[in-house]
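Q: Could you show me how to read the main features of a protein model, step by step?

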Amino acid sequence: MVLNERHMQLLKHIRSYSKIERYHGLLPKREAYIYDPELINELLESGLIDEGSICTSCGNNLEGYRVSRKAEKEFDRLGEEVKDKDWETFCGIDVEINEILDKVHIRALIDIFHLSRISLFRGIAPKSIMLEAFADDILNVLLDVGYINKISLKGPAILYESGFVLADRASRMLKQAGYVK
């Protein structure tokens, strides 16, 4: 596929969301409505973007797009450099550890944090790995109290279609507790 200026503009816009933890690297679909749906479909079919959704415990599900590995290689090939702004999500608000959580829940949160940083997993902690390591009820408690969100992805190059990501409050809690930097 030959990329034109419209394709590159959309890819740059999607890639600019890759570091925003609030959106878990997805450009929300509601913000992609300014682009032609055919343009988005062309990029989806060519495998340059992935489509995903994050399911939260409160029912506020986020659907959107992220740049695929194939597109990252395309940026490198073209010599395009997209500058990512430093989005600071940690605002210093004191977060109390919920009385429901114990050591195994904190370990699960730390594992989700570290697994989502592995490049092979592309920002998620795969569901299959998490279910091998932790009982289903541990993850359900974290989902119910809003510390983690479910995520599911679609795309031709997706290895792990479903998994978990940390919610903002869990990220703040782990940073304040000193588990992550």
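The turns below go through the sheet, the helices packed on it and one pocket of this predicted model.

Q: In what order do the strands of the sheet lie, and how are they paired?
A: One reads a sheet by following each strand to its partner. Here six strands form an open sheet in the order β1-β3-β2-β5-β6-β4, with antiparallel pairing. Because β1 (27-28) and β4 (125-126) each have a single partner strand, they stand at the edges, and one side of each is left without a neighbour in the sheet. For β4, the antiparallel pairing with β6 (residues 162-166) runs over two bridges, and Ala125 stands opposite Phe164 of β6.

Q: Which strands does helix α5 lie across?
A: Helix α5 (residues 103-116) lies across β4, β5 (148-154) and β6, and runs at about 110° to β6.

Q: How do the axes of α5 and α7 cross?
A: An angle from 65 to 115 degrees counts as roughly perpendicular. The axes of α5 and α7 (residues 136-144) come within 10 Å and cross at roughly 80°, so the two helices are roughly perpendicular to each other. On the α5 side the contact is made by Val104, His105, Ala108 and Leu109, and on the α7 side by Ile138, Val141 and Leu142; by class, these are six nonpolar, one polar and no charged residues.

Q: What volume does the second largest pocket have, and which residues are closest to its centre?
A: A pocket is read from its volume and its lining. The second largest pocket has a volume of about 420 Å³, and of the 16 residues that line this pocket, Arg22, Thr56, Asn60, Asn149 and Asp168 are the closest to its centre. By class, the lining has five nonpolar, seven polar and four charged residues.

Methods
Residues are numbered from 1 along each chain as its sequence is written. This is a predicted model: local features need pLDDT of at least 70, side-chain atom pairs count only at pLDDT 80 or more; totals for chains, interfaces and linings use all residues. Side-chain values use heavy atoms; hydrogens and water are left out. Two strands pair if DSSP finds at least two bridges between them. Helices (H or I, at least four residues) and strands (E, at least two) are DSSP runs, numbered from the N terminus. Contact means heavy atoms within 4.5 Å. Axes are lines fitted to C-alpha atoms, for helices over the stretch in contact, and angles run from 0 to 180 degrees between N-to-C directions. On a 1 Å grid over the protein atoms alone, a cavity is a set of points where a 1.4 Å probe fits but cannot get out, and a pocket is an open set with protein on both sides within 12 Å along at least five of seven lines; lining residues have an atom within 4 Å of a point. Grid points are joined across faces, edges and corners, and a volume is the space filled by probe spheres set on the points. Ala, Val, Leu, Ile, Met, Phe, Trp, Tyr, Cys and Pro count as nonpolar, Asp, Glu, Lys and Arg as charged, and the others, Gly among them, as polar. Angles under 35 degrees count as roughly parallel, over 145 as roughly antiparallel, 65 to 115 as roughly perpendicular and the rest as oblique.
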